[in-house]
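Me: Hi! I would like to learn how the terms used for a protein model are justified. Could you take me through them?

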Amino acid sequence: MSLSTIALAVFMKAIIPEGFGPSVRLTLGERKRPVPGKNDVLVKVHAASVNPKDWKLNLTLARAAPPLGRRLIPPLFGDDLAGEIVQLGAGVEGFEVGDRVYGMDMRLRTATLAEYAVIDTRRIALMPANTGFIEAAAVPLAGQTALQGLRKGQAGPGRSVLIIGASGGVGSYAVQIARQLGCHVTGVCSTRNIELVQSLGADAVIDYTAGDYRQPAPGQRRAFDLVFDVTAYETPASCGALLAPAGYFISTMGHARPALRTLLSRRRNASLLRVESWTADLQTIGEWMTAGAVRSVIDSRFTLAEAQQAYERSRSGRARGKIVIAVTPG
Ligand SMILES: NC(=O)c1ccc[n+]([C@@H]2O[C@H](COP(=O)([O-])OP(=O)(O)OC[C@H]3O[C@@H](n4cnc5c(N)ncnc54)[C@H](OP(=O)(O)O)[C@@H]3O)[C@@H](O)[C@H]2O)c1
């Protein structure tokens with residue numbers, strides 16, 4: 001084997017983040033191909049997706065970590081992946097080389113903006129049969145946040161659910177999944193996204209630009225069994241007039257200040273969500289996708305070399321559905 005062939009086998013194209021905070025630069029470079037641990041698989045990544053978490057965490061590190069800490073915790077971007085298994089860890093059962101899988105791992109090690117990534121098999125599932133890599137890569141973080149938030153809020157047949165932020169990555173899945181769970185769904189979005197949210201199956205839509213819907217007039221009082229705040233802007237207090245007496249308030253504000261966390265933990269039926277990836281949850285969403293009941297809404301698609309633009313799109317806060325990165329062309 002020539003030296004250049006060995007180099008090809010060991011190195012891969014990957015996004016190398018440099019710097020922290022607003023000045024982070026995401027450039028295409030080369031990194032060592034990762035090696036799967038006992039319970040991991042090595043995946044040839046076909047598509048990855050963009051989540052606000054990456055740039056938010058990067059901003060937090062910029063503020064909090066001392067310079068030495070920053071060197072010890074290199075910024076990593078990319079949790080979601082869809083691709084093909086090319087190598088199995090020594091202890092892996094239930095997956096084969098060649099399987100098309102999707103999933104995510106939040107443990108700061110997956111770094112899916114690369115040609116290859118390792119991932120624990122508890123965090124992946126086989127891709128739904130009728131779904132391409134782009135649509136599958138959009139699902140893991142946002143789709144499971146939607147499912148786990150609705151489950152935490154006891155969403156079920158006949159329950160009325162308000163989804164604040166219904167047009168974004170998480171919200172677009174939440175509307176569809178809530179419908180699958182048998183809920184009566186009301187989505188909150190801006191005027192330009194009303195049609196999209198209706199097309200996802202919302203029974204009613206509230207335009208947040210038309211007035212403060214959180215303060216309904218006495219005759220129009222609404223009482224939702226669950227308020228799922230996907231924007232992470234609201235609190236149980238700001239949504240008090242929208243909640244039924246025993247209604248649940250669930251927020252995606254994953255990294256809340258300790259004081260708020262304590263406040264929420266004291267309130268019955270209010271909680272903050274921290275998503276985790278599980279094979280069973282991916283399979284549940286995958287079954288709905290196979291049945292055509294849930295789909296990925298793709299806001300925009302970028303190549304790996306365009307990762308910086310993809311994250312700028314996410315930071316705009318205006319994405320309709322998911323921003324996806326096609327790692328392999330096609
Ligand atoms: N804790 C966790 O485990 C977890 C997991 C996933 C996500 N999150 C967090 O959840 C949040 C949402 O994530 P995402 O991926 O859905 O974000 P996203 O896709 O970037 O959300 C963008 C969407 O939010 C809508 N929006 C903005 N302001 C709004 C408002 N005031 N009312 C209603 N809709 C509004 C925008 O619509 P317009 O342009 O029409 O305003 C846009 O469609 C982020 O803060 C993320 O960090 C947390």
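Me: How do you know that strand 1 and strand 2 are paired, and do they run parallel or antiparallel?

Reply: Happy to help! This is a predicted model, in which local features need pLDDT of at least 70 and side-chain atom pairs count only at pLDDT 80 or more, while totals for chains, interfaces and linings use all residues. Residues are numbered from 1 along each chain as its sequence is written, and side-chain values use heavy atoms, leaving out hydrogens and water. Strands are DSSP runs of E with at least two residues, and helices are runs of H or I with at least four, numbered from the N terminus. Two strands pair if DSSP finds at least two bridges between them. Strand 1 (residues 11-18) and strand 2 (residues 25-32) are joined by eight bridges, so they pair, and they run antiparallel. One bridge links Ile15 with Leu28.

Me: What makes strand 10 and strand 13 edge strands?

Reply: Six strands form an open sheet with parallel pairing, in the order 10-9-8-11-12-13. Strand 10 (204-207) and strand 13 (270-272) each have a single partner strand, so one side of each lacks a neighbour in the sheet.

Me: How do you know that strand 11 and strand 12 pair?

Reply: Strand 11 (residues 224-229) and strand 12 (residues 243-251) run parallel and are joined by five bridges. Phe228, for example, has Ile250 of strand 12 as its bridge partner.

Me: What touches strand 8 when helix 6 packs on the sheet, and at which angle?

Reply: Contact means heavy atoms within 4.5 Å. Helix 6 (residues 169-180) touches strand 8, strand 9 (184-189) and strand 11, and its direction makes about 170 degrees with that of strand 8. Angles run from 0 to 180 degrees between N-to-C directions, with axes fitted to C-alpha atoms, for helices over the stretch in contact.

Me: Why is the link between Tyr208 and the ligand called a polar contact?

Reply: A polar contact is a pair of N or O atoms within 3.5 Å; within protein, one must be able to donate a hydrogen and the other to accept it, and residues adjacent in sequence count only if both atoms are side-chain atoms. An N or O atom in the side chain of Tyr208 is 2.3 Å from an oxygen atom of the ligand, so the pair meets the cut-off. For Arg318, a polar side-chain atom lies 2.6 Å from a ligand oxygen atom.
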